[in-house]
Amino acid sequence: MGRLKQKGKAGAAKAYVTRSSAVKKLQCSLADFRRLCILKGIFPREPKHKKRANKGSTAPTSFYYAKDIAYLAHEPVLNKLREHKAFAKKISRALGRGEWSTAKNLEENKPIYRLDHIVKERYPSFIDAVRDIDDALCMIFLFASLPSNPRVSPALIENCARLAAEWQLYVMHTRSLRKVFLSIKGVYYQAEVMDQIVTWLVPYQFPQNIPSDVDVRVMLTFLELYQTLLGFVFFKLYTDAGLVYPPPLDSDKDESGAGVGAFNLRPANPNTTTGGQKSDASKVSSKEVRQTIRKITAESSSAPPADIDFNQTDSFAEGAEEEFVPQASKSDFDVTSSLPTLLSLSSLPKSSSTNILAPYTFWLSRESSRSIFEFLVRSFGGRIGWPVSSGGGSPFTEDDESITHVIIDRPVAKAPEETIQERERRRRRKYVQPQWVVDCINAGKILLEDLYAQGRTLPPHLSPFGERDGAYDPTVGLADVGNTLVDDAEVSEDSQEGDVEMGSELEESATSMTALEVAAVDDPEALRAAELAAEAAGVDYGAFEKEVQKKQKQQKQQKQNQETVADGEGEDDMNKMLMSKRKRQLYERMKYGERKRATEHAKLEEKRINIEKDRRRKARTT
Amino acid sequence: MMAVPGLGKPLKKRKQEELEDVEKRAFAEVVDLEMQSEEEEEDEERGSDILSDDGEVDDFPEIDAASDSDEESEEEEDDTDDLDEEDTLEEDSDADSDLHIFPKSKVVVSDITGQKKTVYPEIEPDYDSDSSTEEDPSRTGNIPMHWYDDLPHIGYDINGKRVLRPAKGDELDKFLATVDDPTSWTTAFDKNTQMDKPLSAEELDIIRRLQAGENPDAEYDPYEPTIEWFTGKGKEEVMPISSAPEPKRRWLPSKWEKQKIMKIVRAIRQGRIVGSKPTAADKKHQFYAIWNEPPSNQPPPLPAPKPKLPTNSESYNPPEEYLPTEEERKQWENTEPEDRERDYLPQKYSALRLVPAFDKFIKQRFNRQLDLYLAPRIQRIKLNVDPNSLLPKLPSPGSLRPFPNYKSLKFTHTKARVRCLSISPDGAWVASGDESGVISLWEVNVGREVKRWTLGSKVGAIEWCPRLDVCFFVAGTEEKLHFLMPPNLSPAVLTMTQSTLAPATLPPATQSSIKWISSSGAVEEGPILVIELPGASGLPRQLTWHRKGDYLASVSSSETQGGVWMHQISRRHSQAPFTKIKGAVQMVLFHPTKPHFFVATQRYVRLYNLAEQKLLKTLMPGIQWISSMDIHPSGDHVIVGGYDRKLCWFDLELSEKPYKVLRYHTRAIRSLHFHPTYPLFASSSDDGSIQIFHARVYSDLMTDPLIVPLKILRGHDVKDGLGVLQVKWVNKQPWLVSAGADGNALVWCS
């Protein structure tokens, strides 16, 4: 006889713990538990059988894996949190007693926890980390734009702003920005870093206040982790790109509001890193040196170093790679197929769209946001200048001759007086609205400026991320829509003409029309009767024909619809009876989704047709 | 009444007063103290002249701090009781100071020290010095004045004469006084004289000072320079206070302190105490190449799902069709934020500079974080299949013809709902019985009624005898089974039927409680034979024939003894097969080929072998209440329907559990029937629909029966929650006859 099984000793009852029991087990406060969960990335689980997991109770609780909690129990941060609790007690005691020096001493030896090991645990490889920095970037950019308050210290905001600038610098430097979307929430950017797609959202630059229903402590805990994570990620990215991290900050420029420009990217000196090797490698041949250097650079330069202030690849270009040459078999010509080699891949036009703005020089007028457009233009190779009112550090002034485009976002105003020079300058430059830059970037080519000229109504700005399959696509021309439009237009025209012609005979024609409607168009006899009636009513034959055709078309459509409905739906309904309950529910859910999407699509299309109609009518009347 | 509360209000007047005050003080200082008191008397005289009728000069207007208004003093008598005691104290202290509450002080230079000093005037201890009671006409002393409230006088003067209460105007006069008299706001009610007395300038000043929280004494200077007595040049104390010798500790360094310090010094030398680290290095987070060492073999934790990428509708300048209409906007605003499909409303701005900040940005970020750490995550495999591929592959109903798909004719019972019907074995006649006791015999093809019997009570069941050589049917009414013959039978059949039901020589009577009564008379009019079931057995719910047409089983609706009776026509004998049965019997059925007998109780279907008289099998359909049952003509498959809308298909070879459970009627199933020859079965329900299924059973044991839903027939109306009560197939034709609660019997043809 086997051992008796006791209840609650195995299975779900053992694998899950409720939150309150987890807190009890960890002997920490709920706030500390929440902090730990955020830092360690531990989230509640949904057991299959709640009742079994909760020892027979069905009360709503959140469950955690017991193993997760055991894992938390060994966390060094938890110890630090406990130490902090003790510290808080000590310092409040010292302050209460007025022992200032003790308090100061305590404050100096305040327990501080590091999150390095957590970053390493949560992201064992660098790629994992890069894949997961979306949320971190969003938060950093959000906090970089927040005003400071007692909860959010200025130091924190400064650090966030620094991290944001570092990220932008890196993206600009490696030209890895791919897509931009100006939405009502903010600006979405998408970059491709280490073959990972990173999307982040930056709010428009307005002072925002943290609403009262938002728990700042949660956000700050997340921010703590994100700052550490981004620090390590940027360190790796910068060093891989052969740059010094952190990039030195030019405080003078920062004072003048240069923003991103206040940091200067400095190439890491390879001599310092390989200095130890060099000293004892005095005897080795120059070839070996070159090889080692190449090895180092191969390690460190995965991104194309293309920035102006940074070109180091020249010296290594000499070592020509040996090319794979396909040796064609003499007997069998079809077998060999040339594989893409590393060299051929790299020599491919490597998404030339990353340089599309390179030939142009932009001037940013003061009403458009510098933080957005400086980043955009510079990450696509263009040069950009801005007036002093948007911050210092502009590389050129407004009267620079090289300016080709002016990004301007205000209505056209009559310029009071222009000198000849100014007029000449105005003629030479192109004045575009900001959306032009973004649309060019998303299209991967330079679009015509005329559509986006100053003061013009802009074409719609579409999401570069695309919609899901089969969704309504506003770019598709009104092909199928067009027909109906034409038909409708004709009908309306006809009716208008008819009105003009008939005048007093309006009533009669109406009766004939109703007769026509009553008559079944399929039936030839009825058709003839209708024809006679129409003739008697004085409707001319052409109009009658048209009417009949239209009717026929409509009826055909209706019939088709009915048939599909009758056949398909009826049969499906009958077949559904024989499905298992699970499958039927799945089927019904899918069908529901399909139907919803279809109605959405249809609604949008209908709206569009209506808009188009209105437009045409307006055009006709004017 | 208005004096004290009115004090704070008119500031302008206050200023004036102050000015006067200053002048007076200056004057007083110049002349003399007495002078001032005189002047004040004059002042008061003026005031009293204006106010009081009797013209008596009041020397000291008493300020009663407790009674702000006379109303209060009148109404709240208890309060004044307590407060009066305090008043006495005040009065005592006030009595010392002459006219003014605080005697005027004088600053003089001291002869001794040469410093300035404040000198207060001497108080002369003569009779006049106590001025508090002097001028008061009433000599009652300090008693609560409300004792005199009901009396015409307010006390007694020094001569023992009554002091009469001064005339007091009514409220209107009081009010007019406040308006007319400019000094009214500087008067206070004097309790002892029971009239308003004007306040002097000094008193007003004191009130002002008290209100401002200052020292009430106007002369008091809080910032006067301190007098240094012992510090400064030449004022040092030269002589020691004590003659004790100076202790050693004044000049010897402490031994214990030295020990303590040495302890720390030693600790520092030995490195046990380390100076605080430089804080700057701590704060700067030092980053390093954390990912340089190879990662552990553990798989990384699953990354959190990324939020959805924005679509066109989120653009600041979307195509116009994405903009919500007024209706959609309202709907969006009215839904709860959690239920909204998207967390924003599409909007269109003509230029980028017009785009405002998104007000819910932080909230949405926060929600995302809540999702990250509070939401349970489930890995879900997203099915990327066409939903139509989930539908079972069934032959199309078109290829499974014939089956009934339209209503060909309707036969109406006018009086009541048609409860039951039966079709003759040759498929020509239908006998339908309704609840009013009418049985109609009509033709399937044309629906013409041939004959009508009226049995008087509700007809519960009708069943046609399956024999082809005879022609009659049995109808069950309350506790009776009627054997009825249709008219116009061919002579051969007629004689055969008569000989079967009413033979010339009756078989020997058996012992049974049930009587078989042959009606001798006009056979054409009524039943040829009546079986009287035992009393209180109720309405026969069901009748069923054995295939050979000799045995007839009836199920009565009463619960006693199971209500199952087996009637043998040839022996004219009835018997109850079960002495005791568990549960209420719903239906019984004969097996089409074997001597087996199905009994459906409320939950289970039991299969008995009649020859061996034992239970073979119990089928468990899992239905709460079985309503109907039928057996496939092959005898291997049974369908069972229940009031809980389920239909179970049993393969008798396979298991006691259903092979398939179908639940597609929206209301209770009422009746089921297998077609005797075609692979069809029909089910009817209280939702008013009849469903036709194709049910092919293969002789090969390995192949599962094929069940294909074919058609839903709708034609009956639901009445009182009842729909189609019975369906029967026509022999040899794919036609169906149905009896409905709406009083119609319908024929459905292919």
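A residue counts as buried here if 20 or more other C-beta atoms lie within 10 Å of its own, with C-beta atoms placed from the backbone. Keep that in mind for the first stop. The model is a predicted one.

**Stop 1: strand 22 of chain B**

Select residues 596-600 of chain B, which make up strand 22. This strand is mostly covered, with five of its five residues buried. In a regular strand the side chains alternate between the two faces of the sheet. On one side of strand 22 of chain B are B:His596, B:Phe598 and B:Ala600, and on the other are B:Phe597 and B:Val599. Both faces are covered.

**Stop 2: the neighbours of strand 22**

Add residues 587-590 of chain B, which form strand 21. Strand 21 and strand 22 of chain B run antiparallel and are joined by four bridges. To see one pairing, pick B:Met587, which stands opposite B:Ala600 in strand 22. The connection from strand 21 to strand 22 of chain B is a hairpin through five residues.

Now add residues 605-609 of chain B, strand 23. Strand 23 pairs with strand 22 of chain B in the antiparallel sense, over five bridges. Here B:Val599 has B:Arg606 as its bridge partner. Strand 22 and strand 23 of chain B also form a hairpin, with four residues between them.

**Stop 3: a sheet in chain A**

Move to chain A, where four strands form an open sheet in the order 7-6-8-9, with parallel pairing. At the edges are strand 7 (383-385) and strand 9 (430-432) of chain A, each of which pairs on one side only. Neighbouring strands of this sheet are turned by 25° against each other on average, direction ignored.

Select strand 6 (residues 361-364) of chain A next; three bridges pair it with strand 7 of chain A in the parallel sense. A:Trp363 stands opposite A:Gly385 in strand 7. Then show residues 370-379 of chain A, helix 18, which lies across strand 6, strand 7 and strand 8 (405-407) of chain A. Helix 18 runs at about 155° to strand 7 of chain A.

**Stop 4: two helices in chain A**

Finish with helix 6 (residues 76-97) and helix 7 (residues 100-108) of chain A, whose axes come within 8 Å and cross at roughly 160°. Angles over 145 degrees count as roughly antiparallel, and helix 6 and helix 7 of chain A are therefore roughly antiparallel to each other. Their crossing is left-handed.

To view the contact, select A:Phe87, A:Lys90, A:Ile91, A:Ala94 and A:Leu95 in helix 6, which meet A:Thr102, A:Ala103, A:Leu106 and A:Glu107 in helix 7. These residues divide into six nonpolar, one polar and two charged.

Methods. Residues are numbered from 1 along each chain as its sequence is written. Chains are lettered from A and ligands numbered from 1 in the order in which they are written. This is a predicted model: local features need pLDDT of at least 70, side-chain atom pairs count only at pLDDT 80 or more; totals for chains, interfaces and linings use all residues. A residue is buried if 20 or more other C-beta atoms lie within 10 Å of its own, exposed if 12 or fewer, and partly exposed in between; C-beta atoms are placed from the backbone. Two strands pair if DSSP finds at least two bridges between them. Axes are lines fitted to C-alpha atoms, for helices over the stretch in contact, and angles run from 0 to 180 degrees between N-to-C directions. Two residues are in contact if their C-beta atoms, placed from the backbone, lie within 7 Å. Angles under 35 degrees count as roughly parallel, over 145 as roughly antiparallel, 65 to 115 as roughly perpendicular and the rest as oblique. A crossing is left-handed if the near helix is turned anticlockwise from the far one by less than a right angle, and right-handed if clockwise. Ala, Val, Leu, Ile, Met, Phe, Trp, Tyr, Cys and Pro count as nonpolar, Asp, Glu, Lys and Arg as charged, and the others, Gly among them, as polar.
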